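The following exercises ask the reader to work through one protein chain, step by step. Please have the sequence and the coordinates at hand before beginning.

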Amino acid sequence: MKHESNPTFSYPVKVGHISANPVKVHVSANEAERRALAELWKVDEVQSLDADLEIGRWKKDGVKIKGEVRALVVQTCVVTLDPVEANIREPVEAIFVPEGSRLARQADNDGGEVILDPGGPDIPDTFAGDTIDAGAVVSEHVALAIDPYPRKEGVAFGERIESSAGDDERPNPFAVLKDWKKK
């Protein structure tokens, strides 16, 4: 997983300090981080963002982050333009392995085709150095859960207005020139 050098919401975890027994961590965004996330996600407001995570070793040199993220986001209704609150609760599960690890490679058959199982586990993300950003994982899961077309409850678009064949006719741009020779 490649992240920008200065993410909006960050919770760095040193890989060397992670044990085989998962550690429970609670992360929460402060006001400045919530404002920056609202701007990044193009929503009106992020009222809250927090997560309860378990961070532990995965296989020999990997790291597994598992838990739940919660956020309260205010967006604009696409029909009425009124504010709409979205209460987001999403499970999180991410696995990281160091760059170059054999665990990060995709399985392929003898013909060079990549084998993907849509119902199977995701391929682990890679990291460089000795730090993983759990905050970036949290904000990524919330961003993917935001409704791109929020609507207030019970609101729908009105009846469609259909055009007729007469409405679709375009005026001829040369019609103004037809009387030009007569003058």
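The exercises below concern a predicted model, and each is followed by its solution.

**Exercise 1. Describe the overall make-up of the chain: how many helices and strands are there, and in what order do they run?**

Solution.
Step 1. The chain holds three helices and seven strands.
Step 2. Read from the N terminus, the order of the elements is β-β-α-β-β-β-β-β-α-α.
Step 3. The chain has 183 residues, of which 31% count as buried.
Step 4. The exposed surface comes to about 13100 Å², with carbon and sulfur atoms supplying 50% of this area.
Step 5. Take the contacts between residues at least 6 apart in sequence: 65% of them join residues at least 24 apart.

**Exercise 2. Determine the surroundings of Asp133: which residues does Asp133 touch, and how far away is the nearest side chain of opposite charge?**

Solution.
Step 1. Asp133 belongs to strand E7, which covers residues 131–133.
Step 2. Asp133 is buried but takes part in no salt bridge. The nearest side chain of opposite charge is that of Lys14, 12 Å away, whereas a salt bridge requires the nitrogen and the carboxyl oxygen to be within 4 Å.
Step 3. Leaving aside residues up to four places away in sequence, Asp133 touches Pro7, Phe9, Ser10, Tyr11 and Pro12.
Step 4. With Tyr11 there is a polar contact: the side chain of Asp133 reaches the backbone nitrogen of Tyr11 at 2.8 Å.
Step 5. Asp133 also caps the N-terminal end of helix H2, with a side-chain oxygen 3.1 Å from the backbone nitrogen of Gly135.

**Exercise 3. Characterise helix H2: what distance does H2 reach from its first C-alpha to its last, and which of its residues are buried?**

Solution.
Step 1. H2 takes in residues 134–145, twelve residues in number.
Step 2. From first C-alpha to last, H2 reaches 17 Å. This is close to the 16 Å expected at 1.5 Å a residue.
Step 3. The buried residues of H2 are Ala134, Gly135, Ala136, Val137, Val138, Ser139 and Val142. Gly135 in this list is the residue whose backbone nitrogen is met by the capping side chain of Asp133.

**Exercise 4. Analyse the salt bridges of Arg70: which residues are linked in the network, and are Asp50 and Arg70 buried or exposed?**

Solution.
Step 1. The count of salt bridges comes to nine.
Step 2. Asp50 and Arg70 form one of them, their closest N and O atoms being 2.7 Å apart. Asp50 lies in strand E3 (residues 45–58) and Arg70 in strand E4 (residues 62–76), so this pair ties together parts that are 20 residues apart in sequence.
Step 3. Asp52 likewise forms a salt bridge with Arg70, at 2.8 Å between the closest N and O atoms. Because Asp52 lies in E3 and Arg70 in E4, the pair ties together parts 18 residues apart in sequence.
Step 4. Glu68 and Arg70 meet in a further salt bridge, 3.2 Å from N to O.
Step 5. Now consider accessibility, with buried meaning under 20% relative accessible area. Asp50, at 16%, counts as buried, and Arg70, at 15%, is buried. Asp52 has 36% and is partly exposed; Glu68, at 28%, also counts as partly exposed.
Step 6. The network of salt bridges links Asp50, Asp52, Glu68, Arg70 and Arg89.

**Exercise 5. Examine three loop residues, Gly16, Lys42 and Leu81: where does each lie, and what is the phi of Lys42 and of Leu81?**

Solution.
Step 1. Recall the general rule: most residues other than glycine have a negative phi.
Step 2. Lys42 has a positive phi, near 55°, and is not a glycine. Lys42 sits in the loop between helix H1 (31–41) and E3, and is exposed because its relative accessibility is 74%.
Step 3. Leu81 also has a positive phi, of about 65°, without being a glycine. Its loop runs between E4 and strand E5 (83–98); at 63% relative accessibility, Leu81 counts as exposed.
Step 4. Gly16 is in the loop between strand E1 (12–14) and strand E2 (23–28), and its 65% relative accessibility makes it exposed.
Step 5. The C-alpha atom of Gly16 is separated by 9.5 Å from that of Asp61, a residue 45 places away along the chain.

Note on methods: Residues are numbered from 1 along each chain as its sequence is written. This is a predicted model: local features need pLDDT of at least 70, side-chain atom pairs count only at pLDDT 80 or more; totals for chains, interfaces and linings use all residues. Side-chain values use heavy atoms; hydrogens and water are left out. Helices (H or I, at least four residues) and strands (E, at least two) are DSSP runs, numbered from the N terminus. Buried means under 20% relative accessible area, exposed over 50%, partly exposed in between (1.4 Å probe, protein chains only). Lys and Arg count as positive and Asp and Glu as negative; His and the chain ends are not counted. A polar contact is a pair of N or O atoms within 3.5 Å; within protein, one must be able to donate a hydrogen and the other to accept it, and residues adjacent in sequence count only if both atoms are side-chain atoms. Contact means heavy atoms within 4.5 Å. The expected span of a helix is 1.5 Å times one less than its number of residues. Accessible areas come from the Shrake-Rupley method with a 1.4 Å probe; for residues, only the protein chains shown count as cover.
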